[in-house]
Amino acid sequence: MKIRRLVAYIIDWYLITFLMNSLLVAIDVYKKGSLISNVVPISVFDKNEQLVILGILFIVEIVYFCVIPRYAFKGQTIGKKILKIKIINNNGSEATFMNLLRRDLLGVVIVEGSFVPLSNYIRNVLMPYVGRVPVRYLVYLFTIISLVSVSLLVFEKNGRMFHDYIGGTKVVML
């Protein structure tokens, strides 16, 4: 099951990265009138635009990792659906929207904050305000926390990661 969970994560990471990057490219094309590049960093936009775009990316994140699993796929992201695993509440019931929201935004994006695109966009938007050095140390911290969380997946009996504990969830096979 742990390998399935890893492969599901890779699928979801690719899809959400593609969606978010496509959104940035579309906004850039809308602003400039033509396609300049197929990869657009959030830093090319002015500070006010970055904040609005970051808000839109938060919505994309919530829809993909909270709304779809809660209301469309019953505890599954697209990757988890393909790999036949799902997220449930610790007591075995269906994960609630709040479980999924805590799990994703607080657990994955904020606490683990290393291996997800939204965390990277947040850091890039924060960098002009706080500087490169603090952001670099945040990256180190989030990487360590993420690696410890992955270690929990590998070595903990139930394979629960930090974001599972934060969300009150677990991942099970179907």
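## A walk around helix H4

Start by selecting H4 and H5: H4 passes H5 in a right-handed crossing. Keep in mind as you look that this is a predicted model. To see who makes the contact, show side chains for Leu105, Val108 and Val109 on H4, then Leu118, Ser119 and Ile122 on H5. Colour them by class and you will find five nonpolar residues, one polar and none charged.

Now draw the two axes. H4 and H5 pack at about 60°, with 8 Å between their axes. That angle makes H4 oblique to H5, because it falls outside the 65 to 115 degrees that count as roughly perpendicular and is not under 35.

**Next stop: the loop**

Which residue should you pick between helix H4 (97-112) and helix H5 (117-130)? Select phenylalanine 115, which lies in the loop joining that pair. Its relative accessibility is 37%, so phenylalanine 115 counts as partly exposed. Expand the selection to its contacts and, leaving aside neighbours within four places in sequence, you reach Tyr9, Trp13, Ser146 and Leu147. Try a distance label on one of these: the C-alpha atoms of phenylalanine 115 and tryptophan 13 are 8.4 Å apart, although 102 residues separate the two along the chain.

**Over to H2**

Come back to H4 and add helix H2 (residues 47-72); these two pack at about 140°, with their axes 9 Å apart. That makes H2 oblique to H4, since only angles over 145 count as roughly antiparallel. H2 passes H4 in a right-handed crossing.

For the side chains here, select Phe58, Glu61, Ile62, Phe65, Cys66, Val67, Pro69, Arg70 and Tyr71 in H2, and opposite them Phe97, Leu100, Leu101, Asp104, Leu105 and Val109 in H4. By class, this contact has 12 nonpolar residues, no polar ones and three charged.

**Last stop: the core**

Which residues touch the most other members of the largest nonpolar core? Select Leu24, Ile42, Leu57, Leu118 and Tyr121, out of 29 residues in that core. Helix H1 (2-32), H2, strand E1 (85-89), H4 and H5 each supply at least two of its residues, and the largest share, six residues, comes from H2.

Finish by centring on leucine 118, one of the H5 residues in the contact with H4. Beyond residues up to four places away in sequence, leucine 118 touches Met20, Leu54, Leu57, Phe58, Glu61, Leu105 and Val109. Two of those may look familiar: Leu105 and Val109 are also among the H4 residues that meet H2.

Note on methods
Residues numbered from 1 in each chain as written. Predicted model: local features only at pLDDT ≥ 70, side-chain atom pairs only at ≥ 80, totals over all residues. Heavy atoms only, no water. Helix = DSSP H or I, 4+ residues; strand = E, 2+ residues; numbered from the N terminus. Buried < 20%, exposed > 50% of the residue type's maximum accessible area, 1.4 Å probe, protein only. Contact = heavy atoms within 4.5 Å. Axes fitted to C-alpha atoms, helices over the stretch in contact; angles between N-to-C directions. Left-handed = near helix turned anticlockwise from the far one by under 90°. Nonpolar A, V, L, I, M, F, W, Y, C, P; charged D, E, K, R; others polar. Core = buried A, V, L, I, M, F, W, Y, C linked by side-chain atoms within 4.5 Å.
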